[in-house]
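Here are my notes on this one, written so you can follow along with the model open. Take the points in order and find each residue as you go.

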Amino acid sequence: MKISDTGIDNRLNGDHTIRLFTVETVDGRQSFCPDVKYTPLPTEAQRRCPSGVASCPYFDELKGRAMLIPGYWKDNAWHSSKDEYTVACISGVVAKCVKWGYKPGALLGGDPQKPLEETFQACIRAARADYLGDGRSFTCSNTKIDMYDRWGLQKKEVDGYTFESLWDKDGLVCLKRPRYPGCPGLTTAPDCDDPVPGTGGSWSGVRGLIAVSSSGTDTLGGRCPTARDACASVESGSR
């Protein structure tokens with residue numbers, strides 16, 4: 001594996017940056033990271049791109065890039081490390097959560113009471129819809145969500161989405177509804193209400209670090225995302 005420094009410090013949501021790399025075979029003939037564009041959250045596109053545009057040149061420098069994150073994911077938990085790094089392609093959840101501002105090892109505004117590593121862990125679990133806490137994902141790639149947090153780094157900004165779930169660093173705190181219906185065994189989680197009732201509002205709850213809302217209109221024909229080929233149309237962008 002050959003890891004090359006691009007010299008690009010990409011600005012994250014918030015006040016931090018991270019260096020981008022390319023990751024290739026030793027002979028440089030093949031990239032380990034898919035040569036695909038970064039898909040921003042709807043809220044990111046609204047802030048950075050012209051009205052009605054889903055992506056724009058601001059995100060182009062992320063195409064096919066990777067981040068080196070100090071630490072690693074093992075046994076369904078993140079472990080900080082000064083000696084071991086995760087090579088995270090920008091198309092994956094780990095890099096996306098960092099891009100959204102939740103950088104492991106950093107503090108929000110330098111406040112020791114706001115360690116971003118905890119929200120980073122909550123973000124990974126929430127983005128993957130790991131409702132059972134066993135590493136299984138109950139969502140599809142390219143599913144559009146609105147993610148927002150207790151500290152206001154990401155705010156609730158998408159009108160028309162409905163609240164689905166609340167998360168902390170250890171996993172699911174409560175579940176209003178799953179991202180996609182049709183998955184059995186998810187009803188044991190306690191019910192709860194949205195900690196941010198309206199777009200642009202402040203966090204009013206006492207639990208959780210990350211909340212997620214989504215459209216809830218695509219039902220996959222009543223199939224669970226874990227079923228074979230259930231996510232095909234979402235992942236291909238045909239819906």
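1. Let's start with a word you'll need throughout: a residue counts as buried when its relative accessible area is under 20%. Try it on Cys183: its relative accessible area is 11%, so Cys183 is buried. Keep in mind that this is a predicted model, so read each value below as computed from that prediction.

2. Stay with Cys183, since it has a partner. Cys183 and Cys224 form a disulfide, with 2.1 Å between their sulfur atoms. In general, a disulfide is a covalent bond between the sulfur atoms of two cysteines. The torsion about the S-S bond of Cys183 and Cys224 is about 95°, which makes this disulfide right-handed. Cys183 sits in the loop between strand 9 and strand 10, and Cys224 in the loop between strand 10 and helix 4, so the pair ties together parts 41 residues apart in sequence. Cys224 is buried too, at a relative accessible area of 8%.

3. How many disulfides are there by this rule? The count comes to five. Another one of them joins Cys140 to Cys231, S to S 2.0 Å. About its S-S bond the torsion is about -70°, so the disulfide of Cys140 and Cys231 is left-handed. This pair links distant parts of the chain: Cys140 is in the loop between helix 3 and strand 7, while Cys231 is in the loop between strand 10 and helix 4 (232-235), 91 residues apart. Are these two cysteines buried or exposed? Cys140 has 4% relative accessibility and counts as buried, and Cys231, at 7%, counts as buried as well.

4. Next, have a look at the link between Cys97 and Cys123, where S to S is 2.1 Å. The angle about the S-S bond is -85°, and the link is left-handed. Cys97 lies in helix 2 (residues 93-99) and Cys123 in helix 3, so the pair ties together parts that are 26 residues apart in sequence. Both Cys97 and Cys123 are buried.

5. That brings us to helix 3 itself, residues 116-128. Here's a sanity check you can do by hand: at 1.5 Å a residue, its 13 residues should span 18 Å, and the end C-alpha atoms are 18 Å apart, so the two agree. Eleven of the 13 residues are buried, which means helix 3 is largely enclosed by the rest of the structure. Among the buried ones are Leu116, Phe120, Ile124 and Arg125. Right after helix 3 comes Ala129, with a positive phi near 55°.

6. Zoom in on Gln121, which has its place in helix 3. With a relative accessible area of 11%, Gln121 is buried. What is Gln121 in contact with, leaving aside neighbours within four places in sequence? The answer is Trp78 and Lys169.

7. Last stop, the sheet. Four strands form an open sheet in the order 7-10-8-9, with antiparallel pairing. Strand 7 (145-149) and strand 9 (171-175) are the edge strands, each pairing on one side only. From one strand to the next, the twist averages 25°. Strand 7 pairs with strand 10 (residues 210-214) in the antiparallel sense, over five bridges. To find that pairing on screen, pick Met147: its bridge partner in strand 10 is Val212.

Terms used
Residues numbered from 1 in each chain as written. Predicted model: local features only at pLDDT ≥ 70, side-chain atom pairs only at ≥ 80, totals over all residues. Heavy atoms only, no water. Pairing = 2+ DSSP bridges. Helix = DSSP H or I, 4+ residues; strand = E, 2+ residues; numbered from the N terminus. Axes fitted to C-alpha atoms, helices over the stretch in contact; angles between N-to-C directions. Expected span 1.5 Å × (residues − 1). Buried < 20%, exposed > 50% of the residue type's maximum accessible area, 1.4 Å probe, protein only. Contact = heavy atoms within 4.5 Å. Disulfide = S-S within 2.5 Å.
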